[in-house]
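Colleague: I have the sequence and the model open. Can we walk through the packing?
Modeller: Gladly. Ask away.

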Amino acid sequence: MSGAPSIPPMGIIAFQGRPGAYSDLACRQAFPGWTTLPCETFADAIAAVHDGRADLGMLACENSLAGRVPDIHALLPQAGLNIVGEHFQRVEHCLLGVPGSTVAQARRVHTHPVAMGQIRGVIEALNLTPVVEFDTAGAAELVARWNNPEDVAVASALAAELNGLVVLRHNVEDAAHNTTRFYITSRDAIRPPAGQKGTVTTVLFRVRNTAGALYKVLGGFATNGVNMTRLESYMLDGSFAATQFLLDVEGHPEDEPLGRALAELAFFSETSAILGVYPGSPFREDAASGR
C-alpha cells in the first residue's frame, strides 16, 4: 500500500542490557549498521521507542532453556507499541579473561544467574567459584575493570570485543540449542500484506471466568486449521480469577481462516487485542526442518 509505514533502512534500536549483551548482539545481527541504544530495564527500552528516542525496540520474550521473560508479558500490553518482527538469537557463551590470562589461572566466574545455570559443565570441569552478577555484559565490564586473571566472565564474544577482553573458550554452554526469541517493536503498525506465507500474528486476550471459556476461544483455531505456535497464561493484578493469555498463531488476520478464528476468539473473550502482525523469522522454517 502506497504511503504505508515501513521499517527505515537505518536508525536507532533500543534494548535492555549493557553494551555487548546478547540483546545488543541480536540488534546488530538483525539490523547491521544501526545504532544500538542500551537501556537499564525493559521499561526504559519500551519508553525509548514510545518517546521517539529509538525507532525500534529489541525485546527478549522467551528462551529455549529458561522459558518466558515475565517482564515483557506485563509491560508490552500497556506499552502502546506494535510487534513488527521477530528475531531468534543463538546464545553462545564464551569464557572471557583479561589479556595474557589463561584458563588455568581462572578461579571465579562471573555472569548473570540464568547464564550461570547454563554453564554447569565448565564450572565443574575447571572447579570455578560461581559469582552472580546483574547481567552477562556487566560481568565482562567488571572483569575488565578488575584486571585480575583469576576472575573470568561468561558473556558474548561481542562483550569481549567491547571491553578489551580475550575469549579463553568458545561455546561453554551446556546445551547447543540455547536460543532467545525477541519481539521487534515499533510505534507504528507495520504489517505484511494478506496472503503472505510465513506471517505470524500475536494476540492478547482475557477469557471470561466461566466453564469452558478457554476451550471455546481456542476451538476456532482448530476448526479453521490455524496453527498455534505459542500460548502463555499469567494472572492479572494478583487475582486468581482473571487470567490473560498471549497467543502466537500462523497467518494474517485478513486471511479467511485466521479471520474466522479471531472472530470466534473475540466473541468468547472478555477482551482481546492484536499486538502485532509480522513476517516470521526464517529460523522457524530452519528449526522445523532440522537445519
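Colleague: Leaving aside its neighbours within four places in sequence, which residues is threonine 180 in contact with?
Modeller: Keep in mind that this is a predicted model. Threonine 180 lies in strand β11. Setting aside neighbours within four places in sequence, its contacts are Ala60, Glu62, Asn63, His87, Phe88, Gln89 and Val91.

Colleague: Does threonine 180 count as buried or exposed?
Modeller: The cut-off for buried is under 20% relative accessible area. Threonine 180 has 12% relative accessibility, so this residue counts as buried.

Colleague: With which side chain does the side chain of threonine 180 make a polar contact?
Modeller: Asn63 is among the contacts of threonine 180. The two side chains make a polar contact at 2.9 Å. The partner is asparagine 63.

Colleague: Why are the buried residues of α2 on the same side?
Modeller: The buried residues in helix α2 (residues 42-50) are Phe42, Ala45, Ile46, Ala48 and Val49. They sit on the same side of α2 because they cover an arc of only 155° around the axis. An α-helix has 3.6 residues a turn, so residues three or four places apart point the same way. The arc asked about is 155°.

Colleague: Which elements do the buried residues of α2 pack against?
Modeller: Phe42 is one of these buried residues, and isoleucine 72 is in contact with Phe42. The full set of elements is β1 (12-16), β2 (35-39), β3 (56-63), α3 (70-75) and β11 (179-186).

Colleague: Which residues touch the most other members of the largest nonpolar core?
Modeller: That core has 38 residues. Elements giving two or more residues to this core include α2, β3 and β11. The residues that touch the most other members are Met58, Ile72, Leu76 and Tyr183.

Colleague: What is the strand order in the open sheet of five strands?
Modeller: Pairing in this sheet is mixed. The edge strands, each pairing on one side only, are β8 (129-132) and β10 (166-169). The order is β8-β7-β9-β6-β10.

Colleague: Which residue in β9 is the bridge partner of arginine 108?
Modeller: Strand β7 (residues 108-111) runs parallel to strand β9 (residues 151-155). Three bridges join the two strands. In β9, the partner of arginine 108 is aspartate 151.

Colleague: At about what angle does helix α6 run to β9?
Modeller: Helix α6 covers residues 136-146. This helix lies across β6 (94-97), β7 and β9. Its angle to β9 is about 155°.

How values were computed
Residues are numbered from 1 along each chain as its sequence is written. This is a predicted model: local features need pLDDT of at least 70, side-chain atom pairs count only at pLDDT 80 or more; totals for chains, interfaces and linings use all residues. Side-chain values use heavy atoms; hydrogens and water are left out. Buried means under 20% relative accessible area, exposed over 50%, partly exposed in between (1.4 Å probe, protein chains only). Helices (H or I, at least four residues) and strands (E, at least two) are DSSP runs, numbered from the N terminus. The arc is that of the directions from the helix axis to the C-beta atoms. Contact means heavy atoms within 4.5 Å. A polar contact is a pair of N or O atoms within 3.5 Å; within protein, one must be able to donate a hydrogen and the other to accept it, and residues adjacent in sequence count only if both atoms are side-chain atoms. Two strands pair if DSSP finds at least two bridges between them. Axes are lines fitted to C-alpha atoms, for helices over the stretch in contact, and angles run from 0 to 180 degrees between N-to-C directions. A nonpolar core is a set of buried Ala, Val, Leu, Ile, Met, Phe, Trp, Tyr and Cys residues joined through side-chain atoms within 4.5 Å.
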